[in-house]
Amino acid sequence: MQSFPFVRNRLSLWLLALLLFGLASTVNAQRLVEFLDRGLVALKTSDESTFLSWRLLATDDFETPFTVYRQYPGEQQVRLNDKPLRKGTNFLDNTVDHSKDVTYTLMEWQKGKEIVSATITMRATDSIRPYLEIPLRTPVGYSPGDASVADLDGDGIYEIVIHQTGKAHDNAHNGITDEPILQAYKLDGTFLWEINLGKNIREGAHYTQFMLYDLDGDGRAELVCKTADGTRDGLGNIIGDAHADWRDTAAQSRTFGRILEGPEFLTVFDGLTGEAISTVDYLPARGNLRSWGDTNANRSDRFLAAVAYLDGKNPSVIMTRGYYERTALAAWDFKDKKLQSRWVFDTQTREHPYAGQGYHSLSVADVDQDGKDEIIFGAMAIDDDGAGLYSTGLGHGDALHVADLDPDRPGLEVFGIHELKGGRKGIGAALRDARTGEVLFQGAIDQDVPRGVAANIDPAHKGAYMWWLGSKSLYDMKGNEVGVAPRSTNFLIWWDGDLSRELLNSNYIEKYNEGVIFRADGASSINGTKSTPNLSADILGDWREELILRADDNQSLHIYSTTIPTEHRLYTLMHDPQYRLSIAWQNVAYNQPPHTSYYLGTGMDMPAKPHVQVVRPKRAIQATAGRKLFRDPVEDGAADPAVIWHAKKKKWNMLNTNWAARPLAMFGVIWLRAASIGVAVSADAVNWIYEHSANFNASHSTGTGWATEILSHKDGYSFPTTIPKQNLAGIKNLTSGLEGSSGSNQPLKRYLR
């Protein structure tokens, strides 16, 4: 075994000046990151309480003040906090009456004025539960697997893509698998598209790695993954030969069910429609199977994937192949709607010093602080230009953690565990310098270690602890034993009110030295004995992470969000580039928890403002218009809006029709109920707040047919409308059942308060 890592020599004197010049220019570059809205989330915690939480964005001043307002239908808004909120970005309303619908409005202070930042409406009928639910179209025989999030339509709200998994096989096992299916949903449950990768992509943890990210900086994310003959995109288009079957279907064959030949592709799909945009040959190519370590497509079909900022500003896609022996990585850029090869790193043989160092996972981070990302590929690292940075020679493993684990030393650290099978001798667990590969701590000598974790889990201790499956002791970053190791060696999550991290395993969360503090009843983890979540990420509310699990019946996803107040204020983790990239690769092979680029834990320094450039979607207006602007809290049948600018109040006003409809068993008959006109206001014509219902001075009804045009005249407004004498019911033709006077031109200013 090597005593020191194999390190790339990069500091030749004749390159030093050029290197320093490049470092200075790159560090100043701002990475392109996605535009996000406030992510306001409200959870009913009792009949008299609501927990609200929202994001602090990279574009915000750290001390931006906020105010929360509450409003019931037909009543005025009530301010809930006496002073502007300057600490945590969350609020607990303990005086709400949940027997009524209620709308919350979040205001941010800018230059001494309150600006509408977000609104959310809760129904009286909403259940008391700690999660949001997304109904799924799970195919028969399938279950929801790994998931990822990104903004697919440019409205600043995440959508979710779920990998629906049927019958699967590990690379080491023969057998026919089901076809991998990817589905996209909005967080309100709206189904967007389905991509079927087809029978020529084998189903299993090591085969189907998908990246969901805005690859071309247009403000809308794309999906990229390995495809083959017969892949069907979200519009029904077929990639390659629809009739080709490259599987070994001979039941008695030594490679039954495997795919040893046939074309392999890499495809970018439009995130909003699922349409295939660009397809190229997959790199690294399969080539000679034996060069990867066997001839049955076990080691040749070990795939990983990631997204990295290789130039310091724009994201690139990383697709890989092999890690037990021959190891190859390929970097791609997506420009002008086409995939373009950036570089390929390939050890070619098992004797190469970088061969055999890969894990069942990977990470991406700027380990040398030059503003560009490196690929931490298990026990070695690849530089941003595709050259090897270092190789430790420690070999293959499963669990990998890259973060500022020791805040008392400069730079990032890597904690990883190593498989020592077949009597192999060596280091089973190691902490190393992320930039040089220098081993800082070694443990589990000559032991085969399958799992390990490193994180700040002790609210009374600064810095991370590390432990692994089989270790009785917990170690600090200096290698000192500090206590008994937790039983859980799986996932991590920021959940409670302090800065240290909690232990996530299966469907429950544990606090170090305390025990279980949360259990997601009615939901289950995925990936068998790995017991990982579908996804764990900061996708809503403040900086703490959401837990996404499949419902026990596989027909929905539950998004759990903490309801524990905290005064700690942090920028949304999704605007920290390393953390955001961690969410992109979390679905890859043996899922690992995400980490930030800075030390986040007990005793941390005040976080720096993220050095990023937020991409404003080019199609934001079109995308926003496609979503529901607001839900009328009284009738929930908002339609036919009429909009006008209120010059005096400098706000947009919307009057909307309300129709309630339900089908009966009588063919062709829709029962309709004419309801009140809803009035909403907006400062930007995008984010609307419900104000009240229009109170017409009509002797026979307050119901109305529809909202027509709003007419301004001098200092007032007129609103021609139809008021029926009675509510409508059981009519086949709506217009024939309308009665009453129209064109009443009643003064509208009483309705536009």
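# Notebook: strands, loops and charges

**Entry 1: a four-strand sheet.** I started with an open sheet of four strands, which are ordered 19-20-21-22 and pair antiparallel. I should jot down right away that this is a predicted model. Which strands sit at the edges? They are strand 19 (305–308) and strand 22 (338–346), and each of them pairs on one side only. I also looked up the twist: neighbouring strands here are turned by 25° against each other on average, ignoring direction. A reminder to myself from class: strands of a sheet pair through backbone hydrogen bonds, either parallel or antiparallel.

Next I zoomed in on one pair. How many bridges join strand 21 to strand 22? I found eight, with strand 21 covering residues 328–335 and the two strands running antiparallel. One pairing I noted is Ala331, whose bridge partner in strand 22 is Trp343.

**Entry 2: the loop after strand 21.** Lys337 is in the loop between strand 21 and strand 22. Its phi is near 65°, a positive value in a residue other than glycine. Buried or exposed, or something in between, for Lys337? I get partly exposed, because its relative accessible area is 36%, and the buried label needs under 20% while exposed needs over 50%.

**Entry 3: Val268.** From Lys337 I hopped to Val268, which is 69 residues away in sequence but 8.6 Å away in space, going C-alpha to C-alpha. Val268 belongs to strand 17 (residues 265–270). I have it down as buried, because its relative accessible area is 0%. Which residues does Val268 touch, leaving out those up to four places away in sequence? The list includes Glu222, Leu223 and Val224, and also Phe334 and Leu339.

**Entry 4: strand 16 and its partners.** I followed those contacts to strand 16, residues 222–227. Six of its six residues are buried, so strand 16 is largely enclosed by the rest of the structure. Strand 16 pairs with strand 17 over six bridges in the antiparallel sense, and in that pairing Leu223 stands opposite Phe269 of strand 17. Strand 16 also pairs with strand 15 (residues 210–213), again antiparallel, over four bridges. There, Met211 has Val224 of strand 16 as its bridge partner.

**Entry 5: odd backbone spots.** I went through the loop between strand 18 (276–281) and strand 19, where Pro284 has its place. A cis peptide bond joins Leu283 to Pro284, with omega at about 0°. Ala297 lies in the loop between strand 18 and strand 19 too. Ala297 has a positive phi of about 60°, although it is not a glycine. Ala297 counts as buried, because its relative accessible area is 2%.

**Entry 6: salt bridges.** How many salt bridges does the structure hold? The total is 37. In one of them, the side chains of Asp37 and Arg55 meet at 3.1 Å, N to O. This pair links distant parts of the chain: Asp37 is in the loop between strand 2 (31–34) and strand 3 (41–46), while Arg55 is in the loop between strand 4 (49–53) and strand 5 (66–71), 18 residues apart. Asp37 is partly exposed at 26% relative accessibility, whereas Arg55 is buried at 1%.

I noted two more. Lys511 and Glu502 meet in a salt bridge at 2.7 Å, N to O, and both of these residues are buried. Asp542 pairs with Arg544, their closest N and O atoms being 2.9 Å apart, and that pair is buried as well. I also wrote down a network, in which salt bridges that share partners join Lys226, Glu264, Arg286, Asp301 and Arg321.

**Entry 7: a buried acid without a salt bridge.** Asp538 made me stop. It sits in the loop between strand 40 (535–537) and strand 41 (546–551). What is the nearest side chain of opposite charge to Asp538? It is Arg55, 5.5 Å away, and Asp538 is buried yet has no salt bridge. The cut-off for a salt bridge is 4 Å. The side chain of Asp538 does have a polar contact of 3.1 Å with that of Thr572. Among the residues touching Asp538 are Trp543, Arg544 and Tyr579.

**Entry 8: helix 2.** Tyr579 took me to helix 2, where it is one of the buried residues, along with others including Pro577, Arg580 and Trp585. Helix 2 covers residues 577–585, and nine of the nine are buried, so this helix is largely enclosed by the rest of the structure.

Key. Residues are numbered from 1 along each chain as its sequence is written. This is a predicted model: local features need pLDDT of at least 70, side-chain atom pairs count only at pLDDT 80 or more; totals for chains, interfaces and linings use all residues. Side-chain values use heavy atoms; hydrogens and water are left out. Two strands pair if DSSP finds at least two bridges between them. Axes are lines fitted to C-alpha atoms, for helices over the stretch in contact, and angles run from 0 to 180 degrees between N-to-C directions. Buried means under 20% relative accessible area, exposed over 50%, partly exposed in between (1.4 Å probe, protein chains only). Lys and Arg count as positive and Asp and Glu as negative; His and the chain ends are not counted. A polar contact is a pair of N or O atoms within 3.5 Å; within protein, one must be able to donate a hydrogen and the other to accept it, and residues adjacent in sequence count only if both atoms are side-chain atoms. Contact means heavy atoms within 4.5 Å.
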